[in-house]
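Please report on the aromatic contacts, the main pocket and some individual residues of this protein. Keep it brief and tie each point to its place in the fold.

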Amino acid sequence: MLNPFAKQDFDGLYAFMRPIWHETYGEILPPTQIDFLLEKYFSAQSLQAYLAQGYEYFKIDNVGVLVIVERENEIYLDKLYLLPTDRGKGYPQRVFSELLKRGKDILLNVNKGNQRAVSCYKKNGFFIEETVDIDLGDGMVNQDYVMRKRQEK
């Protein structure tokens with residue numbers, strides 16, 4: 001289910017993510033902010049910087065993308081996106097199960113307006129740890145929940 005990215009996967013990542021982000025955030029964020037964030041996270045230059053920081057990129061079958069970075073005490077789930085046609089099929093639960101095998105809590109940020117994702121995370125045992133506003137500059141702000149799923153002891 002989780003397959004590490006090959007070079008060609010990185011080459012097509014921006015094109016894969018663009019329609020998903022516009023569908024996901026179209027009613028939450030202005031289009032200029034969506035495009036800014038797509039460039040910030042998925043441009044070739046940005047991808048190189050994230051890889052240099054230890055971020056790992058996985059394909060979820062051929063229907064989604066997972067991006068994580070493993071920290072000393074937790075796994076930061078940076079991105080988890082599925083094609084709209086493949087939502088509701090249990091992929092997140094399987095992803096979380098795989099990540100928990102690493103023996104650490106899972107931490108993530110999610111846009112407060114993305115209720116579909118917030119509900120999915122809550123259903124899968126995540127709780128809201130805090131609320132944060134992230135200033136992106138030029139009047140753009142991400143309003144996020146920081147959510148955590150504890151490693152079962």
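W21, Y25, Y41, F42, Y50, Y55 and Y81 form one aromatic cluster. The model is predicted: local features need pLDDT of at least 70, side-chain atom pairs count only at pLDDT 80 or more, and totals for chains, interfaces and linings use all residues. Residues are numbered from 1 along each chain as its sequence is written, and side-chain values use heavy atoms, with hydrogens and water left out.

**Aromatic pairs**

A pair of aromatic rings is described by the distance of the centres and the angle of the planes. Here, rings of Phe, Tyr and Trp (its six-membered ring) pair if their centres lie within 6.5 Å; planes under 30 degrees apart count as stacked, over 60 as edge-to-face and the rest as tilted. The structure holds 14 aromatic pairs.

One of them joins F10 and Y57. Their centres are 5.2 Å apart, with 65 degrees between the planes, and the pair is edge-to-face. This pair links distant parts of the chain: F10 is in helix α1, Y57 is in strand β2 (residues 56-60), and 47 residues separate them. Helices (H or I, at least four residues) and strands (E, at least two) are DSSP runs, numbered from the N terminus.

Y57 has 6% relative accessibility, so Y57 counts as buried. Buried means under 20% relative accessible area, exposed over 50%, and partly exposed in between (1.4 Å probe, protein chains only).

What is the geometry of the pair formed by W21 and Y81? The ring centres are 5.4 Å apart and the planes meet at 40 degrees, so the pair is tilted. This pair also links distant parts of the chain: W21 is in helix α2 (residues 13-25) and Y81 in strand β4 (residues 74-82), 60 residues apart. Both W21 and Y81 are buried.

**Charges over rings**

A charge sits over a ring if NZ of Lys or CZ of Arg is within 6 Å of the ring centre and within 35 degrees of the ring normal. The charged end of K79 lies over the ring of Y41, 3.5 Å from its centre. Y41 is also one of the residues in the aromatic cluster. The charged end of R94 sits over the ring of Y91, 4.6 Å from its centre.

**The largest pocket**

A pocket is found on a 1 Å grid over the protein atoms alone: it is an open set of points where a 1.4 Å probe fits, with protein on both sides within 12 Å along at least five of seven lines, and lining residues have an atom within 4 Å of a point. Its volume is the space filled by probe spheres set on the points.

The largest pocket holds about 870 Å³ of space. Its lining has 37 residues, and L80, Y81, N114, A117 and Y121 are the closest to its centre. Elements that each supply at least two lining residues include α3 (31-42), α5 (91-100), α6 (115-123) and β7 (140-149). Strand β4 gives the largest share, seven residues.

By class, the lining has 20 nonpolar, nine polar and eight charged residues. Ala, Val, Leu, Ile, Met, Phe, Trp, Tyr, Cys and Pro count as nonpolar, Asp, Glu, Lys and Arg as charged, and the others, Gly among them, as polar.

**Selected residues**

The table places five residues and gives their accessibility.

| Residue | Place | Relative accessible area |
|---|---|---|
| D9 | helix α1 (residues 7-11) | 15%, buried |
| D35 | helix α3 | 29%, partly exposed |
| D61 | loop between β2 and β3 (64-70) | 29%, partly exposed |
| I134 | strand β6 | 31%, partly exposed |
| D138 | loop between β6 and β7 | 80%, exposed |

Contact means heavy atoms within 4.5 Å. Not counting residues up to four places away in sequence, D9 touches P4 and K59. With neighbours within four places in sequence left aside, D35 is in contact with R18 and H22. D35 and L2 are 33 residues apart in sequence and 27 Å apart in space, C-alpha to C-alpha.

Which residues does I134 contact, leaving aside its neighbours within four places in sequence? They are N109, M140, V141, N142 and D144. The C-alpha atoms of I134 and D144 are separated by 7.7 Å, and their positions lie ten residues apart along the chain as a sequence separation.

Two loop residues have a positive phi without being glycine. D61 has phi near 45 degrees. D138 has phi near 50 degrees.

P84 is in the loop between β4 and α5. At 41% relative accessibility, P84 counts as partly exposed. The C-alpha atoms of P84 and P19 are separated by 9.8 Å, with the two residues 65 apart along the chain.
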